[in-house]
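Please open the model in the viewer and keep the sequence panel visible. The tour proceeds by selections, each followed by an account of what is found there.

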Amino acid sequence: MSEKKSYGFTTTILHNDRQKPIEHGSLHKPIHTSVTFGYNDARQLASVFQGKEPGFRYGRQGNPTISALEDKITKMEDGVSTLCFATGMGAIGAVFQALLRAGDHIVSSSFLFGNTNSLWQTAAGQGVEVAFADATDVANVEAALTPATRLVFVETIANPRTQVADLARIGRLCKERGILFVVDNTMTSPYLFRPKTVGAGLVVNALTKSIGGHGNALGGSLTDTGEYDWSAFPNIAANYKRNPPAQWGMAQLRAKALRDFGASLAPEAAHHIAVGAETLALRMERASASALAVTRMLEADERVAAVYYPGLASHPQHALASDLFKAYGSLFSFELKDGIDCFDYLNRLKLGISASNLGDTRTLVIPVSHTIFFEMGAERRASMGIAESLIRVSVGIEDTADLLDDFRCALD
Ligand SMILES: *Cc1c(COP(=O)(O)O)cnc(C)c1O
């Protein structure tokens, strides 16, 4: 099959493996479990080690199954190259480990996935200053910049309160100042939004979530979009500057984070994620449509105190989200009126499962303040706009009518 520019998102994913020779005409890239790769000529092994020719050497730094998935993610994000990690946090941790040094400063959205928030506390303890800014308005990000700011980090739609970052304006600001813009695209996925279009240099995806999509494999990725000029980045070590400047960032990330810290994706997980990714667009469309229907129903119910979903006209960044995203995603959160216990409500749901993953085929619900955001304490929760009774919902691909029934009956 020869490459043609005009294939759509799903066609591209389905046929990407066949762009390169694939063993025995297999339609899936096979799962390679070998930890190491042998060469008949020892000189060739040396030349692979020295980066003079492509090839695999040891599983921690790469493997044909993972490489095929990386290639697919690069296509999904319209990027230049991708590195996969064992988890989404492995990918975000890599940014910290490989690219930041004591004395550096970063600006992060204050609306963040809880473990990313915790990681930035670790960074702060190791000499990286982290300024949190309300990223729904570029002015707050601009005000937080210092001459030592190495990167700006935001999520597209924040987990769990669904604040939407002022992505295009922050991207422009970072371009003007030569600052690396890192966007966690997990909530939108490359089907709903490509951070490259707003100037992001690095894109994070927790593959565990919508891309894998079935709750059966952990994984994460970093994609270099080609938008950032790495020659402007002060923390690249001399040995990675032997590559062309466009490759500096990923060369250092591969060695300093993936190789040296070893949060490598397992080939079996890469296979599950690659198969899951084939239906990403279909799942996102169904889940986004159901999320809109369920949130409209909840918003109209007087027993519900607040509903947070970028697809609702009442959402403060509804217009921004409509400009940026193909649909509004599978995640929403809501608060019940005082007097309705959130645990009792969750226990009455028959389809919504109390569990902490998201982007799954099944609808998952969680009382945020008592679980995933418990450790950070009430004060930090309040600063992130997270009420004690907040329920987060990751809408699955069940039939929309069944979900509407389930969320309504649990109120009745
Ligand atoms: C889940 C999640 C992560 C981390 O992914 P894991 O694979 O669970 O480590 C990072 N960012 C966001 C927005 C997430 O939802």
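Domain bounds here come from an automatic or database domain assignment. The model is a predicted one.

**First selection: the two domains**

Colour residues 9–277 as domain 1 and residues 280–409 as domain 2, following the domain assignment of the chain. Their centres, taken over C-alpha atoms, are separated by 27 Å. In the contact, 43 residues belong to domain 1 and 38 residues to domain 2.

**Second selection: the interface**

The size of an interface is often given as the accessible area lost when the parts come together. Between domain 1 and domain 2 the buried area is about 3,200 Å², and carbon and sulfur atoms give 62% of it. Select R161, Y191 and L192: in domain 1 these residues lose the most area to domain 2, together 23% of what that side buries.

How many salt bridges cross the interface of domain 1 and domain 2? The rule finds zero. Polar contacts are present, however, with 14 residue pairs counted between domain 1 and domain 2.

Next, show the helices α1 (9–15), α5 (114–125), α7 (167–177), α8 (189–192) and α10 (267–277), each of which supplies at least two residues of the domain 1 side that touches domain 2. Which helix gives the most to that side? It is α5, with four residues. By class, the side of domain 1 that touches domain 2 holds 19 nonpolar, 20 polar and four charged residues.

**Third selection: backbone exceptions**

Most residues other than glycine have a negative phi, and most peptide bonds are trans. Select N159 and P160, where the joining peptide bond is cis, with omega near 10°. P160 is in the loop between β4 (149–155) and α7.

T162 also lies in the loop between β4 and α7. Its phi is positive, near 65°, although T162 is not a glycine. Is T162 buried or exposed? T162 counts as buried because its relative accessibility is 0%, below the 20% cut-off.

Move on to S189, in helix α8. S189 is another residue other than glycine with a positive phi, of about 70°. With a relative accessible area of 1%, S189 is buried.

**Fourth selection: around L222**

Select L222 in strand β7 (residues 220–224). L222 is buried, at a relative accessible area of 0%. Leaving aside neighbours within four places in sequence, its contacts include S81, L83, F85, V203, V204, M250 and L253. Measure from L222 to D184 in the viewer: the two lie 38 residues apart in sequence, and their C-alpha atoms are 9.1 Å apart in space.

**Fifth selection: salt bridges**

The count of salt bridges comes to 17. Begin with D260 and R259, whose closest N and O atoms are 2.7 Å apart. D260 is partly exposed, at 40% relative accessible area, and R259 is partly exposed as well, at 29%.

Then select R286 and D399, a salt bridge with its closest N and O atoms 4.0 Å apart. This pair links distant parts of the chain, 113 residues apart: R286 is in helix α11 (residues 280–299), and D399 is in the loop between β12 (391–394) and α15 (400–409).

D405 and R408 form a salt bridge with a closest N to O distance of 3.5 Å. About one helical turn separates D405 and R408, because they are three residues apart in helix α15.

The tour ends at K20, D71 and K75, which are linked in a network of salt bridges.

Terms used: Residues are numbered from 1 along each chain as its sequence is written. This is a predicted model: local features need pLDDT of at least 70, side-chain atom pairs count only at pLDDT 80 or more; totals for chains, interfaces and linings use all residues. Side-chain values use heavy atoms; hydrogens and water are left out. Contact means heavy atoms within 4.5 Å. Buried area is the accessible area (1.4 Å probe) that two parts lose on being put together, summed over both. A salt bridge is a side-chain nitrogen of Lys or Arg within 4 Å of a carboxyl oxygen of Asp or Glu. A polar contact is a pair of N or O atoms within 3.5 Å; within protein, one must be able to donate a hydrogen and the other to accept it, and residues adjacent in sequence count only if both atoms are side-chain atoms. Ala, Val, Leu, Ile, Met, Phe, Trp, Tyr, Cys and Pro count as nonpolar, Asp, Glu, Lys and Arg as charged, and the others, Gly among them, as polar. Buried means under 20% relative accessible area, exposed over 50%, partly exposed in between (1.4 Å probe, protein chains only).
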